[in-house]
Amino acid sequence: MQIRLTVLGSRGGHQAAPAPAGCDVLVTAPAGTALAAVASGLAATVGGPDTPAATAGGTPRGTVVLYAGSQRLDPQRAVLGEPPLVDGAVLTLHVPAPDADALGDDGLGAPQLHVVAGPDAGGVHLLHPGSVRIGRSADADVPLDDPDVSRLHCTVTVMPDGRVAVADLGSTNGTTLDGAEVGVRAVPLAPGALLRIGESTLRLATGGGTRLPVVPDHEGHLALAGGPEAGTDASGGAPGPGAGTSGGAAGRGTGAPDAAAGRPAGGSGASAPHPGAPAATAGTGPQQAAGPSVRPSAPGGREHPGAPGGAHAGAAGPGPAGLHSGPASAPGRAAGAADGGPRRRGGIGAWARKWVRGQEDVAVEAVGVVEPAAAVPDADDPAALLLAALGPTGRLWSRGPGHPGFLEVGLGAGSRVALHESGALGIAGPRARLMGVARSVVAQLAGLHSPAQLEIVLLAADRVRPLQERRRDWAWLGWLPHVRPAHGQDCRLLLAYDRDQAAARTAELTRRLDDGPLGSGWAAADPAAVRRTADAYEGPRTLLVVDGDPGTAALRELTGRLASHGPAAGIHVLALAEAPAATPASPVAQTYDTACASVPAFRDCGAVALLSGDVATAVRTFAIGDGRPVPPGGTAVADGVSAAWAERFARALAPLRADAPPADHQGAHRPAASLPTAARLLDELGLARATPASLMARWAAAADQGRAVGGLADVVLGAGRRGPVGAELVHEGPHLLIEGPAGSGRTELLRSLAASLAAGSRPDHLGLLLLDGAGGERGEGLLPCTELPHVSAHLVASDPLRMREFAQALATELGRRHELLDGVPFVEWHGRRSLSDRMVSPRDPGPGEHRGDLDPQRTGTLRLRASAPRTDPAAGPSPLPRLVLLVDDFDALVAPALGSPGRPAAGSLVRILEGVAREGARLGVHLITATARPDRTAGTEPARQAALRVELDAPDRPGPGRGRLLYSDGRAVPFQAGRVTGRIPRTATLRPTVVPVEWERMGDPPARRPVRELGNGPTDLALLASALDRASHLVSAIPVLFPAAP
């Protein structure tokens, strides 16, 4: 199990030397590990003399006290992987998270103020009784990073009776409420009303809503039990008290660790708990909380002194190339200057900026000044997205291919781009504002599309900016589940911070195009062919974020090709280019050319968005025609979110896993990302430490359960999304067919099935017959399974004489069973026969008992009492124990290669196996076959009679053992096969480890050590075989003989 945590050091002044205030760490530990095992390691990552960093003698200097929000964690009871210690959690050392206790259950019904649009959107603030000041200053209770907002702009007051009022504080640009100007006298602020200050729009809402239930998987993840449902929960809903809300300006004070500042990011300094942690608030000021999402109207239009010209963006209807603009006016909008209504003051700052550039009386572009559109934004505004992630609510991951808003993103109120229509999107502007808009776009796609539908790949290899700056800009992205490799990519996260990583990521994407309908010549395909292929594409999508120049000339060309041709394989590029804002000093054409020179892929985007205005808070969107922006374009106020908001949002998503596909994807295979990349069979069997006692208890339980139904033969294949995946051969079978190409893990799965069967039944009740059809030409095959005491025979199909003897012995056994059963089905016969469930053979009475002493001498040995007295020796195996044949490489028997040594006798084996397939169900004989060539075995009886089937994927998706179990009723359950021949690691490698996360190295291939470096201990199969052998001796179980004794 691996989970990522963030540890924040104490800010109480105890540290004698400078130490990082926060550290992201990767914790590796077995499932069920207590926090105490890693507490010292977690504390050591933030240093300090009062933390238990190891001293010379290994003795800790102090006691580690860790908090999750306000909850003090008990090191012995808190378990890694269980809430609150899930992926993305934030822990504080020695002190609770600031203001973590202010928000209680009662606070969720209090009024809330949502920042639904603007350059600092996404904030969610809980309003307590009293006055709340809103402004640009850090002293404001609700600080907004909006240059058109005054330092202290307005005040919102919650009356004792619950009513809310708003008043302006003499701001420069004024305050409007649903379009009506607000003065210094307080006016009522009703729920749903839109408050416009500067370029920001806020909405008053009340708490409420319903959270989706989540189920911990005890490995750091939370499964959405009901699964995301497309189009549900339009109101967003409010998370409960454990939703992990935090205080201050929501999205600004959400507690993402700020390494530079040495404190949690944001104005309030509140730390960010994780889903499942106690709610955090901001103390005396307005509190961030989770509440209902909204469908706000857009802010009223404001004249931008430096905004470029262009047609009004309010023209209703869709624009070209996936661009959509909102309605011409929003409900409640006041008449603007053009209507003779009250105009907002431009402000001394705007006048000074024009004066310095000598533009006070200079007309802007020829088509005139354009004010941002006043349009109704989509209901999925940044505040609603944050609430959906914190809840989680039904809005989360609610868009699929059937949703009308699939792959649509909003750049601002009334400005939307459909990626499935435009193909690729380019955004250009000054760096600070550009990153705010880019975070908003990526967050929209991640919050509305599940990891099964969308993966996100980042290329941030531009050497113009230092690595630390790139890492700081995109560290939040690493918490998203969408950047986990789900298609066999050779990396830990789909991130690229250097040119080698960028080359690997682009190569992975170009391989998808090579394998697509356009073939290896996709780069030469004409645009019409690309469009037809893109329209017909069905499958998961990829968002490739290209931040700046990718590096080499080859990478520049590849990213451009991916922007133009990628939609044919579901790949959509988001190109980010640093360029001057579009103003009269830098017209649209010049800004576009600068962006294309900075990021060559920008020219291949089907739609572009250019930030404009003196302070780059407006955005103009254009379709691209003949390599140039097509005027006039649409204008809107750009929606941006802060880095702290993005990290809080991503951390909320980090532990979440979709437990079921969306409603419109019920027939599709579940994504590989929700399954583990590897599984250990003993863990899935509940035998992490296989002991004779645990096996005997398992045998007894299986016998009790199977007595009333004619016996059971359970097999466990591996790990699924809800736990172990398996089947029952008697009632769901009787036969199982495994299909998979070379390298898919067929043989290993057969070994696991043999081990699973042996762990579920005594060796005198179940016998295993092993057959390697390839004659040892494809490795050691099933040979390691011969250590199991249940194995009665093992045949390698390379000796014709032994092959004929095996076929004859099997035919004799089938005939013997026909006689003994005399037409009675084996299940019915088994139900009639009373099988003893005695776990130990009776012992002879001791000397004291012969003398009449009923109290035997006390010893330290635990003896299991026999169910009934017996004096005769333990009986041998049942006359008709259940038999299971496991056949590897069945296709090599059906169509043996020329020159194969077993070719002359292969036909006799195939005939007897077909007889087992036909008659085995009523004779108590089951057949498990594996084939690499289903086309060769499709017409055989084992294939026709198999009610259970396993389809294994190719080994590169994402590795051996990944497949689906198909039941006779059409159900398909994906799983990762449990490995049983893996070697036991050294003791040191089993110890929990804590290492800092190097985000810039997450794009490298995972370090793979050879098996010999993991220790020379026994395999899991050998460990299980040893325990099975000892358990069988303790119960005096005599293994099944084959051929049976006369």
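**A tour from strand β1 to helix α20**

In this predicted model, begin by selecting strand β5, residues 89-93: this strand runs parallel to β1, and four bridges join the two. For a single pair to display, pick Val7, which stands opposite Leu91 in β5.

Next, select β1 itself, residues 2-8. Six of its seven residues are buried, so the strand is mostly covered. Side chains in a regular strand alternate between the two faces of the sheet.

Add strand β2, residues 22-28. β2 pairs with β1 over seven bridges, here in the antiparallel sense. Ile3 is a useful residue to click on, as it stands opposite Val27 in β2.

Now move to the cysteines. Select Cys596 and Cys605. Which cysteine sulfur is closest to that of Cys596? It is the sulfur of Cys605, at 8.3 Å, and this is too far for a bond because a disulfide needs the two sulfur atoms within 2.5 Å. By that rule the model has zero disulfides. Cys596 is buried, with a relative accessible area of 6%. Select Cys491 as well: this residue is buried too, at 5%.

Finish with two helices, α16 (residues 800-821) and α20 (residues 903-923). Their axes lie 9 Å apart and the helices pack at an angle of about 20 degrees, which makes α16 roughly parallel to α20. The crossing of α16 past α20 is left-handed. To show the contact, select residues of α16 including Met803, Phe806, Leu810, Leu814 and Arg817, together with residues of α20 including Ala905, Leu909, Ile912, Val916 and Glu919.

Technical notes. Residues numbered from 1 in each chain as written. Predicted model: local features only at pLDDT ≥ 70, side-chain atom pairs only at ≥ 80, totals over all residues. Heavy atoms only, no water. Buried < 20%, exposed > 50% of the residue type's maximum accessible area, 1.4 Å probe, protein only. Pairing = 2+ DSSP bridges. Axes fitted to C-alpha atoms, helices over the stretch in contact; angles between N-to-C directions. Parallel < 35°, antiparallel > 145°, perpendicular 65-115°, else oblique. Left-handed = near helix turned anticlockwise from the far one by under 90°. Contact = heavy atoms within 4.5 Å.
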